[in-house]
Amino acid sequence: MPTCPHCAAEHNAADLVRHERPGVTIVHCPDCECVVGAYRRHGDRPKVDRLRDASP
Ligand SMILES: [Zn+2]
């Protein structure tokens, strides 16, 4: 269970505020909005480029 480094609250992963960025997911504490962690998604490609390539 992730523990917030700012307010030391423990939250279920599902309760954290998630922000999706190209190649990375950033999770914030729902209480103080401190960044709890960032998870790289190596399998992802930049979605803007993929969408542009997919449109003829
Ligand atoms: Zn917090």
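Of the 56 residues of this protein, 5% count as buried. Buried here has a cut-off: 20 or more other C-beta atoms lie within 10 Å of the residue's own, while 12 or fewer makes a residue exposed and anything in between makes it partly exposed, with C-beta atoms placed from the backbone.

Before I go on, what you see is a predicted model, where local features need pLDDT of at least 70, side-chain atom pairs count only at pLDDT 80 or more, and totals for chains, interfaces and linings use all residues. Residue numbers start from 1 along each chain as its sequence is written.

Now the secondary structure. There are one helix and three strands, and along the sequence they follow the pattern β-β-β-α. These elements are DSSP runs, with helices being H or I over at least four residues, strands being E over at least two, and numbering from the N terminus.

How are the three strands ordered in the sheet? The order is β1-β2-β3, in an open sheet with antiparallel pairing. Two strands are said to pair if DSSP finds at least two bridges between them. β1, residues 17-21, and β3, residues 35-40, stand at the edges with a single partner strand each, so one side of each has no neighbour in the sheet. On average, neighbouring strands of this sheet are turned by 20 degrees against each other, direction ignored. For that angle, axes are lines fitted to C-alpha atoms, for helices over the stretch in contact, and angles run from 0 to 180 degrees between N-to-C directions.

As general background, strands of a sheet pair through backbone hydrogen bonds, either parallel or antiparallel.

Take the first pair. β1 and β2 run antiparallel and are joined by five bridges. His19 has Ile26 in β2 as its bridge partner, and Arg21 has Val24 in β2. The two strands form a hairpin with two residues between them, and Gly23 in the turn has a positive phi of about 85 degrees. How many of the five residues of β1 are buried? The count is zero, and β1 is hardly covered.

Next, the second pair. β2, residues 24-28, pairs with β3 in the antiparallel sense, over five bridges. Thr25 has Tyr39 in β3 as its bridge partner, and Ile26 stands opposite Ala38 in β3. So Ile26 appears twice in this talk: it is the bridge partner of His19 and it stands opposite Ala38.β2 and β3 also form a hairpin, this one with six residues between them. Glu33 is found in that loop between β2 and β3. Its phi is near 65 degrees, a positive value in a residue other than glycine. Is Glu33 buried or exposed? Glu33 is exposed, because 12 other C-beta atoms lie within 10 Å.

Now Ala38, which lies in strand β3. Ala38 is exposed, with 11 other C-beta atoms within 10 Å. Which residues does Ala38 contact, leaving aside its neighbours within four places in sequence? They are Val24, Thr25 and Ile26. A contact means that the C-beta atoms of two residues, placed from the backbone, lie within 7 Å. Ala38 and Glu20 are 18 residues apart in sequence, and their C-alpha atoms are 9.8 Å apart in space.

Last, the segment before β1. Ala8 is found there, and Ala8 has a positive phi of about 65 degrees although it is not a glycine. Ala8 is exposed, because 9 other C-beta atoms lie within 10 Å. Asn12 lies in the segment before β1 as well. Asn12 is exposed, with 8 other C-beta atoms within 10 Å. From C-alpha to C-alpha, Asn12 and Met1 are 5.8 Å apart in space, and they are 11 residues apart in sequence.

One figure for the whole protein remains. Among contacts between residues at least 6 apart in sequence, 25% join residues at least 24 apart.
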